[in-house]
Amino acid sequence: NNIINALPKIYQLQPFDNILEEILVQLMPLVYSENAFILADDIVPNDDSTKKSIFRGIGKYNCDIDMFMDSMSPDFMTDIGYARSTRQTISKPNEVIIPLVTDTSAGVGVLYIESDKYADCLKLLEIYAKQAASAISNAQMHSLINLKNDELVETYAELKKRYMDTIETLRLAVDAKDYYTRGHSDRVAYYASRIGQAMGLDEKDVERLKIGGIFHDIGKIGTNDDILLKNSRLDDNEYNEIKKHPLKGANILSAMSMFKDIVPLVEYHHERIDGRGYPHGLRGEEIPLLAR
């Protein structure tokens with residue numbers, strides 16, 4: 001659960017430096033990186049009514065914006081500008097530049113990560129970058145108009161709804177990719193919640209079973225179609241790739257605190273009582289009750 005605290009924190013209306021640092025720090029373990037930065041626009045004008053840029057870096061990019069700009073090569077700055085203007089991710093063997101684009105298609109900056117291990121989670125990084133862009137834009141807007149507390153609550157609720165909509169869209173995309181399992185998640189949700197009721201579980205746990213059933217295979221969004229739709233038996237490499245989907249799904253849901261009780265159901269839904277399941281090989285009561 002590499003980014004379990006990331007989005008809940010950045011959706012809080014914190015100072016920009018805090019938001020940007022949370023974005024970077026929570027992403028680093030996911031991609032085994034130590035060097036990254038965010039370069040964004042500040043919509044709040046200076047005293048002379050000009051706009052400034054916001055910069056935050058970690059690792060070798062932990063410096064002020066002037067030093068950063070002086071150290072950048074023309075080619076590197078060109079790549080950054082291209083990613084921003086085209087709203088396209090630039091992927092290279094040891095680095096990736098992801099544009100920060102809000103739901104309204106407004107570009108607010110770029111996220112740069114120095115890593116050679118980002119490919120498997122690029123889709124997750126792009127989803128995360130979109131949510132981060134919305135959080136940055138939201139914080140900037142609030143600093144301009146100084147919303148009242150009740151308006152802040154309403155805005156936070158809207159941000160949560162956007163993320164839930166994103167997850168639901170991904171879930172439907174999984175169903176659309178694989179006709180064989182279409183409707184599978186809805187059926188799992190139905191039977192899991194009915195079993196929970198029969199066991200006498202309380203209403204909250206039954207609801208968790210239902211949500212966990214709906215989202216349990218969300219990690220398959222990152223699985224190659226050639227593997228997911230293969231009609232014949234999977235080879236060992238293909239099966240190992242399939243076995244990554246519980247962890248991928250857990251990482252996706254971990255980005256919002258509202259799903260913290262659902263993450264174990266997704267992460268452990270392929271564990272087995274005899275310990276022969278995956279991804280962790282848990283056995284018996286090592287597996288959380290609702291995942292069992």
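In the predicted model, Leu289 is located in the segment that follows helix H12 (263–267). Leu289 has a relative accessible area of 44% and is therefore classed as partly exposed. Together with Tyr190, Tyr191, Ile195 and Met199, Leu289 makes a nonpolar surface patch of about 570 Å².

The segment after H12 also takes part in an aromatic contact. Tyr278, in this segment, pairs with Tyr239 of helix H10 (residues 236–242), so the contact ties together parts of the chain that are 39 residues apart in sequence. The geometry of the Tyr239–Tyr278 pair is edge-to-face, with 6.1 Å from centre to centre and 85 degrees between the planes. The two partners differ in accessibility: Tyr239 is partly exposed, with a relative accessible area of 38%, whereas Tyr278, at 11%, counts as buried.

Across the whole structure, a search finds eleven aromatic pairs. Among them is the pair of Tyr61 and Phe68, whose ring centres lie 6.4 Å apart; the planes meet at 70 degrees, so this pair is edge-to-face. Tyr61 and Phe68 are both buried. Ring pairs further join these two residues with Phe37, Phe55, Phe76 and Tyr112 into a cluster.

Helix H8 comprises 13 residues (residues 203–215), for which a span of 18 Å is expected at 1.5 Å a residue; the end C-alpha atoms are 19 Å apart, in agreement with this value. At the N-terminal end, H8 is capped by Asp202, a side-chain oxygen of which lies 3.2 Å from the backbone nitrogen of Lys204. The buried residues of the helix are Asp205, Val206, Leu209, Gly212, Gly213, Ile214 and Phe215. Arg208, by contrast, counts as partly exposed at 23% relative accessibility. This arginine forms a salt bridge with Asp261, the closest N and O atoms being 3.4 Å apart. The pair links distant parts of the chain, since Arg208 belongs to helix H8 and Asp261 to the loop between H11 and H12, 53 residues apart. Asp261 is likewise partly exposed, at 38% relative accessibility.

Side chains of opposite charge can pair when their charged atoms come close. In total, the count comes to eleven salt bridges. One of the contacts joins Lys92 and Asp79, with an N to O distance of 2.6 Å. Lys92 lies in strand E3 (residues 90–92) and Asp79 in helix H4 (residues 74–86), so this salt bridge ties together parts that are 13 residues apart in sequence. Lys92 is partly exposed, with a relative accessible area of 32%, while Asp79 is buried, with a value of 17%.

A further salt bridge is formed by the side chains of Asp120 and Lys244, at 3.7 Å from N to O. Asp120 is placed in the loop between strand E5 (107–114) and helix H5 (122–145), and Lys244 in the loop between H10 and helix H11 (245–254); the pair therefore ties together parts that are 124 residues apart in sequence. Asp120 is exposed, with a relative accessible area of 57%, and Lys244 counts as partly exposed at 32%. Both residues belong to a network of salt bridges that also includes Glu241 and Lys248.

Conventions: Residues are numbered from 1 along each chain as its sequence is written. This is a predicted model: local features need pLDDT of at least 70, side-chain atom pairs count only at pLDDT 80 or more; totals for chains, interfaces and linings use all residues. Side-chain values use heavy atoms; hydrogens and water are left out. Patches are made of residues with over 30% relative accessible area and no salt bridge: like charges are joined within 9 Å, nonpolar side chains (Val, Leu, Ile, Met, Phe, Trp, Tyr) within 5 Å. Accessible areas come from the Shrake-Rupley method with a 1.4 Å probe; for residues, only the protein chains shown count as cover. A salt bridge is a side-chain nitrogen of Lys or Arg within 4 Å of a carboxyl oxygen of Asp or Glu. Helices (H or I, at least four residues) and strands (E, at least two) are DSSP runs, numbered from the N terminus. Buried means under 20% relative accessible area, exposed over 50%, partly exposed in between (1.4 Å probe, protein chains only). Rings of Phe, Tyr and Trp (its six-membered ring) pair if their centres lie within 6.5 Å; planes under 30 degrees apart count as stacked, over 60 as edge-to-face and the rest as tilted. The expected span of a helix is 1.5 Å times one less than its number of residues. A polar contact is a pair of N or O atoms within 3.5 Å; within protein, one must be able to donate a hydrogen and the other to accept it, and residues adjacent in sequence count only if both atoms are side-chain atoms.
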